[in-house]
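Subject: Structure handover

Hello,

Here is the structure for you to look over. My notes come straight after it.

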Amino acid sequence: MDLISDEEATLSSSQPTNTKKVHPFDFETLHFMHHSIMSKSGISKQICISPLRSICIVLIKAKINVLLPFGPLAILLHYLTGKHGWVFFFSLLGIIPLAERLGYATEQLAFYTGPTVGGLLSATFGNATEMIISIYALKHGMIRVVQQTLLGSILSNMLLVLGCAFFTGGIIHYEKVQEFNKATSLVNSGLLLMAVMGITFPAVLHFTHSEVHFGKSELSLSRFSSCIMLVAYAGYLFFRLKSQPNLYRLVDEDRGNNDIDNNDIDSEEEELAEITNWEAVGWLIILTLWVSVLSGYLVDAIQGASHSLNLPVAFISVILLPLVGNAAEHASAIMFAVKDKLDSTLGVAIGSSTQISMFVIPFCVVVGWFMGQPMDLNFQLFETATLFIAVLVVAFMLQEGKSNYFKGLMLILCYLIVAASFFVHVDPSNDDDD
């Protein structure tokens, strides 16, 4: 009996050990085979689902995309009714989500290019709307619309966008003083003052009637100054990307490290890209083409909208058009200020103003030169004085390296004064200028 009990005990004890050795191996093998099969099928599904997912994220997810149908509606109204006021209004509404989505696609691409190149891409594609509208207007000989639109974009970025960002960030972080990199703001302020100098001299030369060859010296000086400004902007890019990149990364990296130490989970969530790099490039191309199409109808309707809406062309060009084109910058600058990333806010607002003044305006002068259009840097006396005063105000606001909600409020109120001034301003004719 002892032998039998011992054998039963050994058998009973050996059976569980065998099951422990056999069953886990079988389940793991089946699980691995099932996972490999599902992963292979998942790859094929992902290839099919990825474009649909990208379309859903870019065109459906954002609430502002409810304005997208106004673009095709503007085109229909252009051919069916010919009412320029409605075509202009619906074109503006249709371009707003496209400008915002351009900013979104640029931000997604910045995850793969790095913060410095991403900041330049954000400024470039953020100004794509203004560049496209300007080229269309320049092609139709609407030089004053080009000048006033670009001027309005500079004023909007410096005063309204930066003011709203400072005001919102100061209200959210009212318990502390928000700081930003003082060195970078001084460099951008210097470039803005250089742009003001390039724009002021042709206007002064024209209004003092001190030209050697009347009507020709002003245009020649503008083209020469534009080439110099493009060289200066190229030097600025080299200085920022190659020569002194740490000057622009220092404060952002310190704040980024502090954010990671304090909120690891939140920072990880913020760093995830929603679309791939090639999808971002594809969407940038598609959105830019669609903005180009709508810009053509928008430019064609400006004169008719001015008469039907009883608004000066100067007010439409300086105030309304830049507000639409700066929709992406406005949202991004406020978002960065709320997250206490004022260096990124300045990169969006002041960086965009610097790029327009030192690159887009001279670029339009050179393009007009090749088109045979007399595009120059003479922005007339009223516009030049407005830009000069605005640059001085912003330079004084940035020299301390700190911001608060009161500075933001002052910038917003300054922009309201500018908007009211252009509402009552009548653009003088060439005959009156002479």
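The notes below go from the whole chain to helix packing, and then to single residues.

**Overall**

This is a predicted model. The chain has 434 residues, and 47% of them are buried. The secondary structure consists of 18 helices and 2 strands. Take the contacts between residues at least 6 apart in sequence: 83% of them join residues at least 24 apart.

**The core**

The largest nonpolar core holds 100 residues. Five of them touch the most other members: Phe88, Leu155, Met158, Leu162 and Leu387. Helix H6 (residues 143-172) gives this core its largest share, 15 residues.

Phe88 deserves its own look. Leaving aside neighbours within four places in sequence, Phe88 is in contact with Leu298, Ala301, Ile302 and Ala305. Leu309, Ile316, Leu320 and Leu321 complete that list.

**H6 against H16**

H6 packs on helix H16 (residues 380-398) at an angle of about 25°, with the two axes 11 Å apart. The pair is therefore roughly parallel. The crossing is left-handed.

From H6, the contact takes in Arg144, Gln148, Leu151, Ile154, Leu155, Met158, Leu159, Leu162 and Phe166. From H16 come Gln380, Glu383, Thr386, Leu387, Ala390, Val391, Val394 and Leu398. By class, that gives 12 nonpolar, 3 polar and 2 charged residues. Leu155, Met158 and Leu162 of H6 meet H16 here, and these three are also among the core residues that touch the most other members. Leu387 of H16 is in both lists too.

**H5 and its two partners**

Helix H5 (residues 128-139) packs against helix H11 (residues 277-300). The angle is about 45° and the axes are 9 Å apart. That makes H5 oblique to H11. Their crossing is right-handed.

On the H5 side, Thr129, Ile132, Ile133, Tyr136 and Ala137 make the contact. On the H11 side, the residues are Thr288, Val291, Ser292, Ser295, Gly296, Leu298 and Val299. The tally is 7 nonpolar, 5 polar and no charged. Leu298 in this contact is also a contact of Phe88.

H5 also meets helix H15 (residues 342-371). Here the axes come within 11 Å and cross at roughly 25°. H5 and H15 are therefore roughly parallel. This crossing is right-handed as well.

H5 contributes Met131, Ser134, Ile135, Leu138 and Lys139. H15 contributes Phe359, Val360, Phe363, Cys364, Val367, Gly368 and Met371. The contact of H5 with H15 has 9 nonpolar, 2 polar and 1 charged residues.

**Pro322 and Ser153**

Pro322 lies in helix H13. Is Pro322 buried or exposed? Pro322 is buried, because its relative accessible area is 0%. Thr149 is 173 residues away from Pro322 in sequence, yet the C-alpha to C-alpha distance is 6.4 Å. Beyond four places in sequence, Pro322 is in contact with Glu130, Thr149, Gly152, Ser153, Ser156, Ile316 and Ser317.

Ser153 lies in H6. Ser153 is buried too, with a relative accessible area of 0%. Residues up to four places away aside, Ser153 touches Glu130, Pro322, Asn326 and Ile356. So Glu130 is a contact of Pro322 and of Ser153. Ser153 and Ser357 are 204 residues apart in sequence and 9.4 Å apart in space, C-alpha to C-alpha.**Two loop residues with positive phi**

His209 has a phi near 55°, a positive value in a residue other than glycine. His209 sits in the loop between helix H7 (182-207) and helix H8 (217-243). How exposed is His209? Its relative accessible area is 46%, which means that His209 is partly exposed.

Asn310 also has a positive phi, near 60°, and is a residue other than glycine. Asn310 lies in the loop between helix H12 (302-309) and helix H13 (313-325). Asn310 counts as exposed, because its relative accessibility is 66%.

Best wishes

Methods:
Residues numbered from 1 in each chain as written. Predicted model: local features only at pLDDT ≥ 70, side-chain atom pairs only at ≥ 80, totals over all residues. Heavy atoms only, no water. Axes fitted to C-alpha atoms, helices over the stretch in contact; angles between N-to-C directions. Helix = DSSP H or I, 4+ residues; strand = E, 2+ residues; numbered from the N terminus. Parallel < 35°, antiparallel > 145°, perpendicular 65-115°, else oblique. Left-handed = near helix turned anticlockwise from the far one by under 90°. Contact = heavy atoms within 4.5 Å. Nonpolar A, V, L, I, M, F, W, Y, C, P; charged D, E, K, R; others polar. Core = buried A, V, L, I, M, F, W, Y, C linked by side-chain atoms within 4.5 Å. Buried < 20%, exposed > 50% of the residue type's maximum accessible area, 1.4 Å probe, protein only.
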